[in-house]
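The following account leads the reader through a model, beginning with the packing of one helix pair and ending with a single residue. Please consult the sequence and the structure while reading.

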Amino acid sequence: MNFIWPIDDQWNHCNVRSVLQRPDIEPYWTELYCAINGIIWDDLINLHNHEYNDRMSMSVAISERIDNELTEIGAEAEVPIFSKKLVSSRDDRYRIWKKLGPIAIDYSFGHPDGLRWKLNRLATAIIPNQHSMENQCQLGVLIVATESLRKAAKFDAKANWETAIEDLNIMAAQLQAPIFILGLKNPETFTMIDYGRGKKPRSHVKKLV
Amino acid sequence: MQLKKARKKLASIVASLRAQNQSESELYRKAKHWIDVESKSHWDKMDLGEDVSELVKAIGTSAAEIVWEYNTMK
């Protein structure tokens, strides 16, 4: 699974490019880089076609696979940012989806408002806060699909890499933390057929020869 | 064991064994093999339109056995 790399000057937010090379970050970043790159599209296509073909899009197959890959390399799940007990005891607002060493990781394949909230939450996991922090991170990574992949994999919501980069630029003054937007590329090796609501199977991913 | 849950559980077992420097162990090999091979072994039969419900149960049971082995190892 390829992603947009290297980081261009225009989206080198808070100098994230050099933060990724810091000795305390680089080993974890290398693991993350290899884990994402190690995901094979044929595997994802098969996972969708055999386990999730009742769904319109490939988002569940992709997110499950990324989740499991990150788990395999030792990322912790649903880690609280703050040590302070928040208003509700079952509150999951300020939790990091995955934490790999000093790297806070999240993904956004849904609504753009969710994407903006996740950018804010990643920044919250990094920036010192008046509340004591249980798991302060040094870097945030938000995994999103590029517009080309979003269309090919038929994600119905509009969150994409292009929007995320624009939001990061617009909110640069608020999001004062190094955040890397990891944009998953369209491999252009498949086409997805949506048979329509109520149909079984709902969809099928066809490999292009 | 449901396959989706099993995939996640075995991924966490693999991570845990790696953290304990046990990536050469038999249990690690079994867990990796289950993730990479066994958990997908019913897909070819599905493509042929065969009923795979019993096979899926067996794959789930195999995952549960690995989880049990991991739990009793501690």
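**Helix packing, chain contact and one tryptophan**

In this predicted model, H2(B) meets H4(B) through B:Leu27, B:Lys30, B:Ala31 and B:Trp34, whose partners in H4(B) are B:Ser62, B:Ala63, B:Ile66, B:Glu69, B:Tyr70 and B:Met73. By class, the residues of this contact are 7 nonpolar, 1 polar and 2 charged.

The geometry of the pair may be described next. Helix H2 of chain B spans residues 26-36 and helix H4 of chain B spans residues 53-73; their axes come within 10 Å and cross at roughly 155°. Because angles over 145 degrees count as roughly antiparallel, H2(B) is roughly antiparallel to H4(B). The crossing of these two helices, H2(B) and H4(B), is left-handed.

Chain B also touches chain A. To this contact chain B supplies 12 residues and chain A supplies 8 residues. On the side of chain B, the elements that give two or more residues are helix H1 (3-19) and helix H3 (43-47). H1(B) gives the most, with 9 residues. The side of chain B that touches chain A comprises 6 nonpolar, 1 polar and 5 charged residues.

In chain A, A:Trp117 lies in helix H5, which covers residues 112-126. Is A:Trp117 buried or exposed? A:Trp117 falls in between, being partly exposed, because 14 other C-beta atoms lie within 10 Å, whereas a buried residue would need 20 or more and an exposed one 12 or fewer. Between A:Trp117 and A:Ser132 there is a separation of 15 residues in sequence and of 21 Å in space, C-alpha to C-alpha.

Key: Residues are numbered from 1 along each chain as its sequence is written. Chains are lettered from A and ligands numbered from 1 in the order in which they are written. This is a predicted model: local features need pLDDT of at least 70, side-chain atom pairs count only at pLDDT 80 or more; totals for chains, interfaces and linings use all residues. Axes are lines fitted to C-alpha atoms, for helices over the stretch in contact, and angles run from 0 to 180 degrees between N-to-C directions. Helices (H or I, at least four residues) and strands (E, at least two) are DSSP runs, numbered from the N terminus. Angles under 35 degrees count as roughly parallel, over 145 as roughly antiparallel, 65 to 115 as roughly perpendicular and the rest as oblique. A crossing is left-handed if the near helix is turned anticlockwise from the far one by less than a right angle, and right-handed if clockwise. Two residues are in contact if their C-beta atoms, placed from the backbone, lie within 7 Å. Ala, Val, Leu, Ile, Met, Phe, Trp, Tyr, Cys and Pro count as nonpolar, Asp, Glu, Lys and Arg as charged, and the others, Gly among them, as polar.
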